[in-house]
Amino acid sequence: MAMPGGGLVVLITGATGPVGRAAAARFAADGARLALVGRDPGRLDAVVRELGLPEDRVLPVPADLRDGEAARAVAATVDARFGRIDVLLHLVGGWTGGTAVVDLDPDEVRRMLDQHLWTTLHVVQAVVPGMVARGSGRVLAVSSPFAASPGPRGASYAIAKAGEEILLRSLARETAGTGVTANLLVVRAVDAAHERESAPSPRNAGWTTPEEVAEVLSFMASPAAAAVNGQRIGLDGR
Ligand SMILES: NC(=O)c1ccc[n+]([C@@H]2O[C@H](COP(=O)([O-])OP(=O)(O)OC[C@H]3O[C@@H](n4cnc5c(N)ncnc54)[C@H](OP(=O)(O)O)[C@@H]3O)[C@@H](O)[C@H]2O)c1
(Lines give C-alpha, C1' and ligand atoms only; values in the text may rest on other atoms or scores of the structure.)
Protein backbone atom coordinates (compact mmCIF):
# COMPACT_ATOMS: atom_id res chain seq x y z
CA MET A 1 0.00 0.00 0.00
CA ALA A 2 1.31 3.48 -0.84
CA MET A 3 2.18 5.42 2.28
CA PRO A 4 0.72 8.94 2.73
CA GLY A 5 3.99 10.92 2.56
CA GLY A 6 5.74 8.65 0.02
CA GLY A 7 7.83 10.58 -2.51
CA LEU A 8 6.96 13.96 -1.01
CA VAL A 9 9.56 16.63 -0.32
CA VAL A 10 8.78 17.98 3.13
CA LEU A 11 10.34 21.09 4.67
CA ILE A 12 10.11 20.98 8.46
CA THR A 13 10.95 24.16 10.34
CA GLY A 14 11.42 23.81 14.10
CA ALA A 15 12.62 20.30 13.31
CA THR A 16 14.49 19.89 16.61
CA GLY A 17 11.45 20.53 18.84
CA PRO A 18 9.34 17.58 20.04
CA VAL A 19 6.71 18.01 17.34
CA GLY A 20 9.32 18.61 14.63
CA ARG A 21 11.21 15.45 15.60
CA ALA A 22 8.04 13.34 15.69
CA ALA A 23 6.95 14.77 12.32
CA ALA A 24 10.37 14.04 10.82
CA ALA A 25 10.18 10.44 12.04
CA ARG A 26 6.61 10.04 10.76
CA PHE A 27 7.26 11.50 7.29
CA ALA A 28 10.53 9.54 7.06
CA ALA A 29 8.53 6.34 7.71
CA ASP A 30 6.05 7.52 5.04
CA GLY A 31 8.93 7.60 2.52
CA ALA A 32 9.34 11.38 2.22
CA ARG A 33 12.53 13.33 1.57
CA LEU A 34 13.12 15.78 4.40
CA ALA A 35 14.68 19.23 4.75
CA LEU A 36 15.08 20.15 8.40
CA VAL A 37 15.45 23.70 9.74
CA GLY A 38 16.42 25.02 13.17
CA ARG A 39 18.98 27.56 14.34
CA ASP A 40 21.32 25.16 16.15
CA PRO A 41 23.36 23.01 13.69
CA GLY A 42 24.37 20.54 16.43
CA ARG A 43 20.75 19.82 17.40
CA LEU A 44 19.85 19.43 13.72
CA ASP A 45 22.68 16.93 13.21
CA ALA A 46 21.44 14.96 16.23
CA VAL A 47 17.97 14.70 14.63
CA VAL A 48 19.53 13.58 11.34
CA ARG A 49 21.47 10.84 13.19
CA GLU A 50 18.30 9.82 15.07
CA LEU A 51 16.42 9.41 11.76
CA GLY A 52 19.10 7.17 10.24
CA LEU A 53 18.01 8.02 6.67
CA PRO A 54 20.32 7.72 3.65
CA GLU A 55 21.98 11.03 2.73
CA ASP A 56 19.82 11.53 -0.35
CA ARG A 57 16.66 11.68 1.80
CA VAL A 58 17.58 14.22 4.45
CA LEU A 59 19.04 17.71 4.37
CA PRO A 60 19.74 19.75 7.52
CA VAL A 61 19.57 23.51 6.81
CA PRO A 62 20.51 25.65 9.84
CA ALA A 63 18.80 29.05 9.62
CA ASP A 64 17.16 31.74 11.72
CA LEU A 65 13.78 32.29 10.06
CA ARG A 66 13.29 35.67 11.75
CA ASP A 67 15.43 36.82 8.82
CA GLY A 68 13.57 36.87 5.48
CA GLU A 69 16.77 36.51 3.48
CA ALA A 70 17.66 33.38 5.46
CA ALA A 71 14.21 31.92 4.71
CA ARG A 72 14.69 32.54 0.98
CA ALA A 73 18.13 30.88 1.17
CA VAL A 74 16.55 27.82 2.84
CA ALA A 75 13.97 27.48 0.04
CA ALA A 76 16.67 27.86 -2.62
CA THR A 77 18.88 25.23 -0.92
CA VAL A 78 16.02 22.73 -0.72
CA ASP A 79 14.97 23.40 -4.33
CA ALA A 80 18.57 22.89 -5.48
CA ARG A 81 18.81 19.56 -3.63
CA PHE A 82 15.32 18.06 -4.02
CA GLY A 83 13.85 20.06 -6.94
CA ARG A 84 10.71 21.25 -5.13
CA ILE A 85 8.91 21.56 -1.79
CA ASP A 86 5.57 19.72 -1.58
CA VAL A 87 4.81 20.21 2.10
CA LEU A 88 5.78 22.97 4.51
CA LEU A 89 5.44 22.01 8.17
CA HIS A 90 6.08 25.26 10.04
CA LEU A 91 6.77 24.14 13.61
CA VAL A 92 8.92 26.93 15.01
CA GLY A 93 8.00 27.26 18.68
CA GLY A 94 8.75 29.26 21.79
CA TRP A 95 6.67 30.64 24.65
CA THR A 96 6.97 33.67 26.90
CA GLY A 97 4.35 34.65 29.44
CA GLY A 98 3.40 35.11 33.05
CA THR A 99 2.94 38.87 32.88
CA ALA A 100 -0.32 40.81 33.04
CA VAL A 101 -1.12 43.15 30.14
CA VAL A 102 -0.71 46.27 32.30
CA ASP A 103 2.88 45.22 33.11
CA LEU A 104 3.79 43.83 29.67
CA ASP A 105 7.18 44.77 28.21
CA PRO A 106 6.63 45.65 24.52
CA ASP A 107 9.91 43.87 23.73
CA GLU A 108 8.37 40.61 24.96
CA VAL A 109 5.50 41.08 22.48
CA ARG A 110 8.01 41.88 19.73
CA ARG A 111 10.01 38.71 20.53
CA MET A 112 6.88 36.56 20.28
CA LEU A 113 5.83 38.25 17.03
CA ASP A 114 9.36 37.68 15.66
CA GLN A 115 9.19 34.01 16.60
CA HIS A 116 5.70 33.15 15.40
CA LEU A 117 4.36 35.76 12.98
CA TRP A 118 7.48 36.89 11.12
CA THR A 119 9.05 33.42 10.78
CA THR A 120 5.73 32.27 9.29
CA LEU A 121 5.54 35.18 6.84
CA HIS A 122 9.16 34.71 5.76
CA VAL A 123 8.93 30.99 5.13
CA VAL A 124 5.52 31.25 3.42
CA GLN A 125 6.81 33.96 1.08
CA ALA A 126 9.88 31.84 0.30
CA VAL A 127 8.04 28.56 -0.36
CA VAL A 128 4.43 29.14 -1.45
CA PRO A 129 5.04 30.83 -4.85
CA GLY A 130 6.84 27.64 -6.01
CA MET A 131 3.93 25.50 -4.80
CA VAL A 132 1.40 27.68 -6.62
CA ALA A 133 3.50 27.57 -9.80
CA ARG A 134 3.48 23.74 -9.63
CA GLY A 135 -0.23 23.64 -8.76
CA SER A 136 0.15 21.66 -5.55
CA GLY A 137 1.33 22.11 -1.99
CA ARG A 138 0.43 21.88 1.68
CA VAL A 139 1.19 24.42 4.38
CA LEU A 140 0.62 23.24 7.94
CA ALA A 141 1.35 24.87 11.29
CA VAL A 142 0.47 24.19 14.90
CA SER A 143 -1.38 26.82 16.91
CA SER A 144 -2.90 27.16 20.34
CA PRO A 145 -6.49 27.56 21.59
CA PHE A 146 -5.19 30.72 23.30
CA ALA A 147 -4.96 32.40 19.88
CA ALA A 148 -8.77 32.49 19.78
CA SER A 149 -9.56 32.41 23.53
CA PRO A 150 -6.72 34.00 25.48
CA GLY A 151 -6.25 33.35 29.17
CA PRO A 152 -4.72 35.71 31.73
CA ARG A 153 -0.97 36.52 31.68
CA GLY A 154 -0.28 35.09 28.26
CA ALA A 155 -1.06 37.99 25.91
CA SER A 156 2.27 38.18 24.04
CA TYR A 157 2.16 34.51 22.97
CA ALA A 158 -1.59 34.65 22.19
CA ILE A 159 -1.15 37.81 20.08
CA ALA A 160 1.68 36.19 18.11
CA LYS A 161 -0.20 32.93 17.54
CA ALA A 162 -3.35 34.86 16.55
CA GLY A 163 -1.23 36.77 14.01
CA GLU A 164 0.20 33.52 12.64
CA GLU A 165 -3.30 32.07 12.36
CA ILE A 166 -4.74 35.08 10.51
CA LEU A 167 -1.78 35.05 8.14
CA LEU A 168 -2.26 31.37 7.26
CA ARG A 169 -6.05 31.59 7.01
CA SER A 170 -5.66 34.62 4.71
CA LEU A 171 -3.17 32.61 2.66
CA ALA A 172 -5.70 29.76 2.42
CA ARG A 173 -8.29 32.13 0.93
CA GLU A 174 -5.73 33.41 -1.57
CA THR A 175 -4.53 29.97 -2.69
CA ALA A 176 -8.00 28.41 -2.91
CA GLY A 177 -8.32 26.77 -6.33
CA THR A 178 -4.56 26.62 -6.96
CA GLY A 179 -3.96 23.15 -5.48
CA VAL A 180 -2.21 24.69 -2.47
CA THR A 181 -3.87 24.52 0.94
CA ALA A 182 -2.99 26.02 4.33
CA ASN A 183 -4.33 24.68 7.61
CA LEU A 184 -3.68 24.85 11.34
CA LEU A 185 -3.71 22.13 13.93
CA VAL A 186 -4.65 23.44 17.37
CA VAL A 187 -2.98 21.91 20.41
CA ARG A 188 -3.47 22.99 24.04
CA ALA A 189 -0.15 21.50 25.25
CA VAL A 190 2.35 19.17 23.62
CA ASP A 191 2.79 16.15 25.90
CA ALA A 192 6.44 15.54 25.03
CA ALA A 193 7.05 13.42 28.16
CA HIS A 194 3.89 11.33 27.62
CA GLU A 195 2.56 12.36 31.04
CA ARG A 196 -1.03 11.74 29.94
CA GLU A 197 -0.16 8.04 29.87
CA SER A 198 2.38 7.82 32.73
CA ALA A 199 0.57 10.11 35.23
CA PRO A 200 -2.99 10.75 34.01
CA SER A 201 -4.79 13.69 35.62
CA PRO A 202 -7.51 16.23 34.74
CA ARG A 203 -4.63 18.69 34.08
CA ASN A 204 -3.10 16.65 31.24
CA ALA A 205 -6.25 14.97 29.88
CA GLY A 206 -6.44 17.39 26.92
CA TRP A 207 -2.74 17.32 26.08
CA THR A 208 -1.56 15.91 22.75
CA THR A 209 1.57 13.83 22.18
CA PRO A 210 4.03 14.82 19.44
CA GLU A 211 3.28 11.50 17.72
CA GLU A 212 -0.48 12.29 17.64
CA VAL A 213 0.28 15.66 16.04
CA ALA A 214 2.57 13.95 13.52
CA GLU A 215 -0.17 11.46 12.58
CA VAL A 216 -2.59 14.26 11.72
CA LEU A 217 0.12 16.20 9.86
CA SER A 218 0.75 13.07 7.78
CA PHE A 219 -2.96 12.76 6.98
CA MET A 220 -3.20 16.47 6.14
CA ALA A 221 -0.33 16.05 3.67
CA SER A 222 -2.06 13.12 1.97
CA PRO A 223 -4.33 13.28 -1.11
CA ALA A 224 -7.30 12.42 1.17
CA ALA A 225 -7.08 15.90 2.75
CA ALA A 226 -6.99 17.88 -0.52
CA ALA A 227 -10.37 19.53 0.16
CA VAL A 228 -9.42 20.82 3.62
CA ASN A 229 -8.31 24.45 3.41
CA GLY A 230 -8.20 27.36 5.84
CA GLN A 231 -9.23 25.26 8.83
CA ARG A 232 -8.30 25.22 12.52
CA ILE A 233 -8.32 21.56 13.46
CA GLY A 234 -8.44 20.97 17.20
CA LEU A 235 -6.42 18.06 18.64
CA ASP A 236 -7.28 18.85 22.24
CA GLY A 237 -10.78 17.41 22.34
CA ARG A 238 -10.07 14.17 24.18
N1 LIG B 1 4.66 22.96 23.13
C2 LIG B 1 3.36 23.19 23.28
O3 LIG B 1 2.77 22.90 24.32
C4 LIG B 1 2.58 23.83 22.14
C5 LIG B 1 1.23 24.16 22.30
C6 LIG B 1 0.52 24.72 21.23
C7 LIG B 1 1.19 24.97 20.04
N8 LIG B 1 2.51 24.67 19.93
C9 LIG B 1 3.19 24.94 18.65
O10 LIG B 1 3.60 23.71 18.09
C11 LIG B 1 4.78 23.92 17.32
C12 LIG B 1 5.85 22.92 17.76
O13 LIG B 1 6.06 23.09 19.15
P14 LIG B 1 7.26 22.40 19.93
O15 LIG B 1 6.89 22.42 21.37
O16 LIG B 1 7.64 21.13 19.25
O17 LIG B 1 8.40 23.50 19.64
P18 LIG B 1 9.63 23.93 20.55
O19 LIG B 1 10.05 22.89 21.52
O20 LIG B 1 9.37 25.28 21.08
O21 LIG B 1 10.79 23.94 19.44
C22 LIG B 1 11.09 25.07 18.79
C23 LIG B 1 11.75 24.68 17.46
O24 LIG B 1 11.80 25.85 16.69
C25 LIG B 1 13.17 26.12 16.34
N26 LIG B 1 13.30 27.57 16.27
C27 LIG B 1 13.02 28.46 17.25
N28 LIG B 1 13.23 29.71 16.79
C29 LIG B 1 13.61 29.59 15.50
C30 LIG B 1 13.98 30.53 14.50
N31 LIG B 1 13.97 31.85 14.75
N32 LIG B 1 14.34 30.07 13.28
C33 LIG B 1 14.37 28.73 13.02
N34 LIG B 1 14.04 27.80 13.94
C35 LIG B 1 13.67 28.23 15.16
C36 LIG B 1 13.96 25.47 17.48
O37 LIG B 1 15.28 25.18 17.16
P38 LIG B 1 16.48 26.22 17.51
O39 LIG B 1 16.27 26.69 18.91
O40 LIG B 1 17.75 25.47 17.28
O41 LIG B 1 16.30 27.31 16.53
C42 LIG B 1 13.17 24.17 17.64
O43 LIG B 1 13.48 23.29 16.58
C44 LIG B 1 5.18 25.38 17.52
O45 LIG B 1 4.70 26.16 16.46
C46 LIG B 1 4.46 25.75 18.80
O47 LIG B 1 4.19 27.14 18.89
C48 LIG B 1 3.23 24.10 20.93
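**The ligand and Thr208, term by term**

Author: Thr16, Arg39, Val92, Gln115 and Val190 come nearest of the 28 residues around the ligand. This is a predicted model, where local features need pLDDT of at least 70 and side-chain atom pairs 80 or more, while totals for chains, interfaces and linings use all residues. Residues are numbered from 1 along each chain as its sequence is written, and side-chain values use heavy atoms, with hydrogens and water left out.

Reader: What makes a residue count as near the ligand?

Author: One of its heavy atoms has to lie within 4 Å of the molecule. The shell residues divide into twelve nonpolar, nine polar (Gly is counted here) and seven charged (Asp, Glu, Lys and Arg).

Reader: Why is the pair between the ligand and aspartate 64 called a polar contact?

Author: A polar contact is a pair of N or O atoms within 3.5 Å. A ligand nitrogen is 2.9 Å from an N or O atom in the aspartate 64 side chain, so the pair qualifies. Ligand oxygen atoms also pair with polar backbone atoms, at 3.4 Å for glycine 14 and 3.3 Å for proline 18.

Reader: Why is threonine 208 called buried?

Author: Buried means under 20% relative accessible area (1.4 Å probe, protein chains only). Threonine 208 has 1% relative accessibility, so it counts as buried. Threonine 208 is found in the loop between helix H6 (195–198) and helix H7 (210–220); helices here are DSSP runs (H or I, at least four residues). A polar atom of its side chain lies 2.7 Å from the backbone oxygen of leucine 235.

Conventions:
Polar contact = N/O pair within 3.5 Å; in protein donor to acceptor, adjacent residues only side chain to side chain. Helix = DSSP H or I, 4+ residues; strand = E, 2+ residues; numbered from the N terminus. Buried < 20%, exposed > 50% of the residue type's maximum accessible area, 1.4 Å probe, protein only.
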